[in-house]
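Thank you for making time this morning. I would like to walk you through one structure, slowly, and I will begin with the way two of its parts cross.

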Amino acid sequence: RAGPRTLPLARQLLGLWRSRSLPAAERALRCTATLAELLLDFLPLDEAPPLDPVYPANARERWWAMERKLRGMLDRGIELEDIARLAGMSVRTTIRACKAATGTTPVRRVKDLRLTGAHSLLQYSDLPVTEIALQVGYSRVQELSRDIKLRYGVTPRELRKRGEMGVDAPAARGDRLHDADI
């Protein structure tokens, strides 16, 4: 079922997709973000039953709204308490809302967002890996390289080469990262 923002978001996505005025990496990231918002408009979040009587019915919706903000803050150190404060929920409710919305914990979700951003930048930009690491919130390029290798089974250099050759990147190899890795 379409939401109230479906048509404007679809038009925005199409415009971004067709645009040649933006650098490829920025265009890809904006398309991804707009597509995520478009998908969120289709999710029946208000109809999903709460996990338990104490669980706020709108917590998942609040998680997705908070995640949109979070995507713009990935270059900073983000603690679980910061995420909860940004969502306007307690830490426990934030964890439960994130698990209900994404199937994972907030800490792992931040890691996923960082790796997805790094993946896109490696494939669609010429930025040095060190700059990419800083842009997505890694203080050390070695940590990013390790996490990319764990997630995709290739090094950042190999991932970039695949992007230059127009070869699809390997699929993520499951959840091999742990909360302690953030």
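The crossing of helices H3 and H4 is right-handed, and I should say at once that what you have in front of you is a predicted model. The two helices pack at an angle of about 115 degrees, and their axes lie 9 Å apart. On the H3 side the contact is made by Arg62, Trp63, Met66, Lys69 and Leu70, while H4 brings Ile83, Leu86 and Ala87 to it. If we sort the residues of this contact between H3 and H4 by class, we find six nonpolar and two charged residues, and no polar ones.

Let me stay in this region and turn to the loop that runs between H3, residues 59–71, and H4, residues 80–87, since that is where Leu74 sits. Is Leu74 buried or exposed? Its relative accessible area is 9%, and because anything under 20% counts as buried, Leu74 is buried. Leaving aside residues up to four places away in sequence, Leu74 touches Val110, Leu113, Arg114, Gln135, Val136 and Gly137. One of these partners, Leu113, is 39 residues away from Leu74 along the chain, yet their C-alpha atoms are separated by 7.9 Å.

Next comes helix H5, residues 91–102, whose buried residues pack against H3, H4 and helix H6, the last of these covering residues 106–124. Those buried residues of H5 are Thr93, Thr94, Ile95, Arg96, Ala97, Cys98 and Ala101. What span should we expect of the twelve residues of H5? At 1.5 Å a residue they should span 16 Å, and the C-alpha atoms at the two ends are 16 Å apart, so expectation and model agree. After H5 comes Gly103, which has a positive phi, near 85 degrees.

Finally, a word on confidence, which I would ask you to keep in mind while looking at the picture. The protein chain has an average pLDDT of 80, and 78% of its residues score at least 70. Among the elements of the chain, the lowest mean pLDDT, 79, belongs to helix H2, residues 24–42, whereas the highest, 95, belongs to helix H8, residues 141–152. There are stretches where the pLDDT is below 50, including residues 47–55, which have 14 contacts in the model beyond near neighbours in sequence. Residues 175–182 also have a pLDDT below 50, and that stretch makes 20 such contacts beyond near neighbours in sequence.

Terms used:
Residues are numbered from 1 along each chain as its sequence is written. This is a predicted model: local features need pLDDT of at least 70, side-chain atom pairs count only at pLDDT 80 or more; totals for chains, interfaces and linings use all residues. Side-chain values use heavy atoms; hydrogens and water are left out. pLDDT is the predictor's confidence in each residue, from 0 to 100. Helices (H or I, at least four residues) and strands (E, at least two) are DSSP runs, numbered from the N terminus. Contact means heavy atoms within 4.5 Å. Buried means under 20% relative accessible area, exposed over 50%, partly exposed in between (1.4 Å probe, protein chains only). The expected span of a helix is 1.5 Å times one less than its number of residues. Axes are lines fitted to C-alpha atoms, for helices over the stretch in contact, and angles run from 0 to 180 degrees between N-to-C directions. A crossing is left-handed if the near helix is turned anticlockwise from the far one by less than a right angle, and right-handed if clockwise. Ala, Val, Leu, Ile, Met, Phe, Trp, Tyr, Cys and Pro count as nonpolar, Asp, Glu, Lys and Arg as charged, and the others, Gly among them, as polar.
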